[in-house]
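Please open the structure in your viewer and keep the selection tool at hand, since this tour goes from one stop to the next and says at each what to select.

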Amino acid sequence: MSDREGHSGAPPDEDLSLPKATVTKMIQELLPNDISCAKETRDLVIECCVEFIHLISSEANEVCEKESKKTIAPDHIITALKTLGFDSFTAEVEDVLKDHKQQQKDREKKVSKFEQSGMTEQELLAAQEELFAASRAKFQSTG
């Protein structure tokens, strides 16, 4: 599939963008305090970012299709970056991916409220019913 072929239900390219406030904040963080950025410049940066994302995702999709996969994986993105000549980006992308995977593992390790309560499911349901009854009684007494 070429990168200009439409997908059913996909928005037209002119509808794709990035949040202006987020891009403005990123630009301000990168520029010295005595330098400002015109709105037209911010809009151009957004257009360039959208085009870059489109380019990388299209190439990653081609890599994915060559491997007969249906889901673009991080490795497809890294391969696409290399194929398009953005080899210098891959080390940072791999670091971010590693951090992301660690955050996912840490999130999975967090104990759920159910496990933290030390109560059985029946005890929790009974406590919930008591709270509902108390709330219902309070609501009915004020009505």
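Which helix gives the largest share of the negative patch? Keep that question in mind while you set up the view, and remember throughout that the model is predicted.

Begin by selecting E67, D75, E92, E94, D95 and D99 together, and you will have before you a patch of negative charge on the surface. The answer to the opening question is helix 4, which spans residues 87–109 and supplies four residues, the largest share of this patch.

Next, narrow the selection to D99, one of the residues of the patch, and you will find that D99 is placed in helix 4. D99 has a relative accessible area of 48% and is therefore partly exposed, because that class lies between the 20% and 50% cut-offs.

From there, move to H76, which belongs to helix 3, the helix made of residues 74–83. Is H76 buried or exposed? H76 counts as buried, because its relative accessibility is 4%, and buried means under 20%. If you also show A73, you can follow the side chain of H76 to the backbone nitrogen of A73, which it reaches at 2.8 Å.

For the last stop, select T24 in helix 1, which runs over residues 20–30. T24 is partly exposed, with a relative accessible area of 24%. Add K20 to the view, and look for its backbone oxygen, which lies 2.8 Å from a polar atom of the side chain of T24. Finally, add V45, which is 21 residues apart from T24 along the chain, and whose C-alpha atom is separated from that of T24 by 9.6 Å.

Key: Residues are numbered from 1 along each chain as its sequence is written. This is a predicted model: local features need pLDDT of at least 70, side-chain atom pairs count only at pLDDT 80 or more; totals for chains, interfaces and linings use all residues. Side-chain values use heavy atoms; hydrogens and water are left out. Helices (H or I, at least four residues) and strands (E, at least two) are DSSP runs, numbered from the N terminus. Buried means under 20% relative accessible area, exposed over 50%, partly exposed in between (1.4 Å probe, protein chains only). A polar contact is a pair of N or O atoms within 3.5 Å; within protein, one must be able to donate a hydrogen and the other to accept it, and residues adjacent in sequence count only if both atoms are side-chain atoms. Patches are made of residues with over 30% relative accessible area and no salt bridge: like charges are joined within 9 Å, nonpolar side chains (Val, Leu, Ile, Met, Phe, Trp, Tyr) within 5 Å. Accessible areas come from the Shrake-Rupley method with a 1.4 Å probe; for residues, only the protein chains shown count as cover. A salt bridge is a side-chain nitrogen of Lys or Arg within 4 Å of a carboxyl oxygen of Asp or Glu. Lys and Arg count as positive and Asp and Glu as negative; His and the chain ends are not counted. The place of a charge is taken as NZ of Lys, CZ of Arg, CG of Asp or CD of Glu.
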